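Here are my notes from going through this model. Have the structure open while you read, and take the points in order.

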Amino acid sequence: SSVQSFIATAQISQNNFLGRGQTLSLSAHLSFGDFARQYATFYFIEPYLFDSMWYFSFNAYLQYQRYATSSFMKYSKGLSPTIGYPITKKLRINLGYTFEKIEISTDLSPSDAGPAYYNLENQGFNSALNLSLNYDTRNNRLFPSAGMYHMVSGEFSDKLIGSDENMAFRRFKLLSRFYYSLPWSFVLKFNASFGYIFAPGGREVPPSERFFPGGIYSVRGYEPMGLGTSINVAHQGNPMSPTFPFILGGNKEIVLNLELEFPILKAAQIKGVLFADAGNAYDERQNFFYIDTPDYLKGNAYTLGSGRRIHPPLGLFYSLGFGVRWLSPVGPLRFEWGIPLVKRYRSDPSILFEFTIGNFF
């Protein structure tokens, strides 16, 4: 992957464990590079708890995630049981709990990062309850061509249920996806995602819980995890040294994606895609779409071609692009070229190529 460099995965699973219809799975994932992610997980699913319509799952994991644009790493280990119930055939409610030990470290020193260093050398326990509603009418969960999917969720982490005070937060997410079948096997897709997180008592949101959009998994044409509030920092011991951007992410996020997928070689399961993306992350002083946000608090951007400095229109970064997708024997491969219509920095490339394994939405 252009994001995670070399990726290796391994999994062993039994989909009818002991003949009871349960699923038991062990898996591991290793990737490297600036955005390395490494994890091991144990997963158990009981689709009909006590012969009822209640669903139960249990997940235990070890994980390492590197956030290259902000030069910090997150180590976590924990467990997460979930129960769910189908209110109707298309509507499901889920209640989950997460308990994890988190360590956050950085390869920057306080003198490098200055005020951006807040909360980056941190550790503690996160104990969180989450509730979600899912509405799903897709005709295929992996490769849908018709239907819709909606999800609204809330997550509550607090010292009242076992979180350390510095790890507590409240998070809310809204997700909507639509799929339309068109003539000649064309498929039109639309994705809209909104997120909001805050910490109680006016404290800072833990950096690993903030939003970092950008890249092939969200807003293509931009560096992975490269959107959101940033500040320029320098080595404080040498004020003449060049500065570099330090991405702080945001406590609010918008990601919008529109795709037109069409067949190229049906027999080989190769498809083409045209897309338009938009998105950004906002900090605590900024509002969604920069509504009622003073100009001095708005981020800067640069127009494609002229390089003129502007504020991102409606507080969003925009891109267009195209790509090729292949359902290969090892899984779906994506090769995509994104063209940023509004650059994050003047030095950003005018077209950015990315590739990875796995479906998008």
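1. Which residue in strand 2 does Q11 stand opposite? Q11 faces S27 there. Keep in mind throughout that this is a predicted model. The pair belongs to the antiparallel pairing of strand 1 (residues 7-17) with strand 2 (residues 22-31), which runs over 9 bridges. The hairpin of these two strands has 4 residues between them, and within it L18 takes a positive phi near 55°.

2. Carry on along the chain and strand 2 pairs again, with strand 3 (residues 37-46), in the antiparallel sense and over 8 bridges. To find the register, look for S25, which stands opposite Y43 in strand 3. This hairpin has 5 residues between its strands, and here G33 is the residue to click on, with a positive phi near 95°. Strand 2 therefore pairs with strand 1 as well as with strand 3.

3. Next comes D51, in the loop between strand 3 and strand 4. What is the sign of phi at D51? Phi is positive, about 60°, although D51 is not a glycine. As a reminder, most residues other than glycine have a negative phi. D51 has a relative accessible area of 79%, so it counts as exposed.

4. Strand 4 (residues 55-67) pairs with strand 5 (residues 72-86) in the antiparallel sense, and 13 bridges hold the pairing in the listing. Strand 5 is also joined to strand 6 (residues 91-106) by 13 bridges, again antiparallel. The hairpin from strand 5 to strand 6 passes through 4 residues. T82 is a handy marker here: S57 stands opposite T82, and T82 in turn stands opposite G96 in strand 6. If you want one row to trace across these three strands, I'd use S57, T82 and G96.

5. Buried or exposed: which is R66? The residue sits in strand 4, and at 18% relative accessibility R66 counts as buried, because the cut-off for buried is under 20%. A polar atom of the R66 side chain lies 3.4 Å from the backbone oxygen of D34. Leaving out residues up to four places away in sequence, R66 touches G33, D34, F35, A36, F72, M73 and D107. G33 in that list is the residue with positive phi in the hairpin of strand 2 and strand 3, so the contacts of R66 are worth viewing together with point 2.

6. Now to P207, which is found in the loop between strand 10 (187-198) and strand 11. With a relative accessible area of 4%, P207 is buried. P207 and G249 are 42 residues apart along the chain, yet their C-alpha atoms are separated by 7.9 Å.

7. The second largest pocket has a volume of about 430 Å³. It is lined by 22 residues, and those closest to its centre are S230, K298, G299, N300 and R344. Two elements give two or more residues to the lining: strand 11 (229-233) and strand 14 (270-282). Which of the elements gives the most? Strand 11 does, with 4 residues. By class, the lining has 9 nonpolar, 8 polar and 5 charged residues.

8. There is also an open sheet of 3 strands, in the order 16-15-19, with antiparallel pairing. Its edge strands are strand 16 (309-310) and strand 19 (342-343), each pairing on one side only. Strand 15 (residues 301-303) is joined to strand 19 by 2 bridges, and the bridge partner of Y302 in strand 19 is K343.

9. One last residue for the phi list: L314, in the loop between strand 16 and strand 17 (317-328). L314 is not a glycine, but its phi is positive, about 55°. With a relative accessible area of 57%, L314 is exposed.

How values were computed
Residues numbered from 1 in each chain as written. Predicted model: local features only at pLDDT ≥ 70, side-chain atom pairs only at ≥ 80, totals over all residues. Heavy atoms only, no water. Buried < 20%, exposed > 50% of the residue type's maximum accessible area, 1.4 Å probe, protein only. Polar contact = N/O pair within 3.5 Å; in protein donor to acceptor, adjacent residues only side chain to side chain. Contact = heavy atoms within 4.5 Å. 1 Å grid on protein atoms, 1.4 Å probe; cavity = no way out; pocket = protein on both sides within 12 Å on 5 of 7 lines; lining within 4 Å. Points joined across faces, edges and corners; volume = space filled by probe spheres on them. Nonpolar A, V, L, I, M, F, W, Y, C, P; charged D, E, K, R; others polar.
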